[in-house]
Amino acid sequence: MKIYKWMYYSLSILLFTVLASLAVNAQEKITLQSAVDRTLANNLTIKQAQVTESIGGLELQQAKNNLLPNLNASTQGGYNFGRSQVAGSFTYTSSTSLNVNGNAQLQFTVYQGGQLRNQIIQNRLLLDVNKGQTAKIKNDLVLSVVTDYLQILTNQDLVTAAKQQIDIANQTLTRSDISFKVGNQTLADISQSKAQVSTANFNLTTTQNQLDLSLLILKQYMEMDPYAPIEVERPDISKLTNIQTVYDANEVVRTALTVNPDIRLSEFQQKTYQQAIKIAKGSYYPTVSLYGGLASSYSDRLNQKVIGQTAITQQIGIVQATNQSVVTSFNQSIYGPYSAFSQIRDNFNQNIGLSIRIPIFNQFNTRTNVRKAELNLQNAQLSTQIAKNNLSKTIIQAVLDLQSAEKQYQSATQTFEANKDALNVTKQRYDVGLVNSWIIIPRLPTLINRKTI
């Protein structure tokens with residue numbers, strides 16, 4: 001029976017090892033560059049911005065197409081019945097008729113206050129705005145991915161440190177238990193050691209949750225399955241040499257103002273509002289258009305037409321003295337069938353002309369639109385200046401943070417070495433019995449010595 005249990009446990013351990021190995025092998029390694037590339041290729045926000053950019057391209061093409069003439073054709077057919085007035089009289093008669101009319105109109109705008117040309121320029125600027133918005137989104141996402149990637153590495157270090165704190169706390173608890181059994185420590189010391197173990201476990205749970213959350217955020221940037229296992233590859237910082245830590249804030253600001261997507265986007269938007277003023281002012285000027293048209297009609301009331309004439313002699317009286325007939329002659333029309341195609345051909349007519357529409361008064365709409373466009377330009381100028389000021393503040397703060405971080409790193413390095421030496425000394429004293437217990441407070445590099453009174 002024991003053999004079967006041993007075989008069962010052995011198979012279970014082997015199966016668990018194989019599954020764990022498969023799970024590890026199934027994890028996809030993600031480098032910083034691959035995370036950025038996948039974000040730029042898959043992120044839905046970028047794709048949405050690209051769709052908006054495509055719409056801007058279509059609007060630019062349509063603005064160019066507006067320079068082409070308008071050509072419209074229409075036809076109308078109706079069946080009339082009932083009583084209607086007889087043409088040229090005040091009598092009415094009952095009749096039915098079928099009428100068909102058709103026409104085509106061509107119109108070409110020659111001049112419209114420069115609005116068509118200015119609209120093309122504005123739509124081209126709007127397309128630049130859309131492209132700038134796409135570039136801004138890409139830049140923001142790249143920064144977010146890099147920041148989250150570094151946060152993942154930091155959280156991994158915190159998880160490792162938390163696990164080390166658990167090991168130290170467990171070792172301290174074991175030594176406290178031994179010291180208690182030989183009478184060197186009290187129950188209060190045991191309780192405090194247990195509290196240190198609980199605190200270390202709590203800190204591990206917290207840091208592990210932070211690590212899982214940062215991994216989830218990175219997957220969301222890359223549009224990955226949130227449950228897909230990934231392994232973030234730690235970059236080899238040993239290859240980073242000659243890292244520059246001293247920057248001139250003013251020089252960085254001048255460079256950033258020429259390449260930063262936020263600033264370029266604000267400047268493009270400002271140019272669109274400048275063009276909007278020209279478009280609004282175009283309504284002050286007249287609109288000159290050329291037009292031409294073709295038309296024809298058909299009616300079944302005209303089912304016959306004159307195809308010729310014949311001379312007819314008719315007696316109109318008699319001379320009583322001579323008994324001679326008085327006659328007169330006249331031409332009588334000869335009618336034939338009048339087909340629909342013949343009617344359309346005979347009724348065909350054309351027109352051509354020049355149209356000038358002069359704006360005189362339109363409830364001050366044009367003036368209001370011009371004023372609104374000017375205010376929008378002022379608002380855009382203020383937005384551009386605010387964006388520049390914010391960028392300058394961010395860069396100056398980043399330079400100061402870099403200088404402070406370098407000093408903190410040097411100080412932390414010195415503190416780490418000092419605490420490391422203190423830990424070794426305390427451990428040696430503990431081993432020879434000069435110190436009853438030694439503990440490390442989680443996440444703090446400071447070593448705390450405690451003697452039993």
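**Stop 1: helices H4 and H5**

Select helix H4, residues 115-181, together with helix H5, residues 187-222. In this predicted model, the two pack with their axes 8 Å apart and at an angle of about 165 degrees. An angle over 145 degrees counts as roughly antiparallel, so that is the label for H4 and H5. Look along the pair and you can check the handedness too: the crossing of H4 and H5 is left-handed.

While H4 is still highlighted, pick out Leu150, which sits in this helix. Is Leu150 buried or exposed? It falls between those two classes: its relative accessible area is 48%, and it counts as partly exposed. Now add Leu32 to the selection and draw a distance from C-alpha to C-alpha. The label should read 9.1 Å for Leu150 and Leu32, although 118 residues separate them in sequence.

**Stop 2: helix H2 against H5**

Keep H5 on screen and add helix H2, residues 32-42. The axes of H2 and H5 come within 7 Å, and they cross at roughly 45 degrees. That angle makes H2 oblique to H5. To see which side chains to display, show Ala35, Arg38, Thr39 and Asn42 on the H2 side. Their counterparts in the contact are Leu218, Tyr221 and Met222 of H5.

**Stop 3: the open sheet**

Next, hide the helices and colour the strands. Which strands make up the open sheet, and in what order? There are four, arranged as S2-S3-S5-S8, and their pairing is antiparallel. At the edges stand S2 (70-85) and S8 (349-357); each has a single partner strand, so one side of each is left without a neighbour in the sheet. From one strand to the next, the twist averages 25 degrees. As background, strands of a sheet pair through backbone hydrogen bonds, either parallel or antiparallel, so switching on backbone hydrogen bonds is a handy display here.

Walk across the sheet one pair at a time:

- **S2 with S3.** Strand S3 covers residues 92-111, and S2 pairs with it in the antiparallel sense over 16 bridges. Two places to check the register are Gly78, which stands opposite Asn99 in S3, and Phe81, which stands opposite Thr96 in S3.
- **S3 with S5.** Here 12 bridges hold the antiparallel pairing. Ala104 is a good landmark, with Leu294 of S5 opposite.
- **S5 with S8.** Strand S5 spans residues 287-299, and nine bridges join it to S8, again in antiparallel fashion. Select Ala295 and you will find Asn349 of S8 opposite.

Before leaving, colour S2 by accessibility. How many of the 16 residues of S2 are buried? The number is zero, so S2 lies largely in the open.

**Stop 4: Gln343 in helix H8**

Bring back helix H8, residues 340-346, and centre on Gln343 within it. At 1% relative accessibility, Gln343 counts as buried, since the cut-off for that class is under 20%. To see what surrounds Gln343, leave aside its neighbours within four places in sequence and show its contacts: Ser296, Ser297, Tyr298, Ser299, Leu302 and Tyr338.

**Stop 5: the loop between S8 and H9**

Move on to the loop that runs between S8 and helix H9 (365-431), where Gln363 is found. Phe364 lies in this loop as well. Check the backbone torsions here. Most residues other than glycine have a negative phi. Gln363, however, has a positive phi of about 60 degrees, and the phi of Phe364 is also positive, near 60 degrees. In accessibility, Gln363 is exposed, with a relative accessible area of 56%, while Phe364 counts as partly exposed at 45%.

**Last stop: the whole chain**

Zoom out and show everything. The protein chain holds nine helices and 10 strands. Of its 453 residues, 25% count as buried. Switch to a surface view: the chain exposes about 31200 Å², and carbon and sulfur atoms supply 57% of that area. If you like contact maps, plot one for this chain. Among contacts between residues at least 6 apart in sequence, 76% join residues at least 24 apart.

Methods:
Residues are numbered from 1 along each chain as its sequence is written. This is a predicted model: local features need pLDDT of at least 70, side-chain atom pairs count only at pLDDT 80 or more; totals for chains, interfaces and linings use all residues. Side-chain values use heavy atoms; hydrogens and water are left out. Buried means under 20% relative accessible area, exposed over 50%, partly exposed in between (1.4 Å probe, protein chains only). Contact means heavy atoms within 4.5 Å. Accessible areas come from the Shrake-Rupley method with a 1.4 Å probe; for residues, only the protein chains shown count as cover. Two strands pair if DSSP finds at least two bridges between them. Axes are lines fitted to C-alpha atoms, for helices over the stretch in contact, and angles run from 0 to 180 degrees between N-to-C directions. Angles under 35 degrees count as roughly parallel, over 145 as roughly antiparallel, 65 to 115 as roughly perpendicular and the rest as oblique. A crossing is left-handed if the near helix is turned anticlockwise from the far one by less than a right angle, and right-handed if clockwise.
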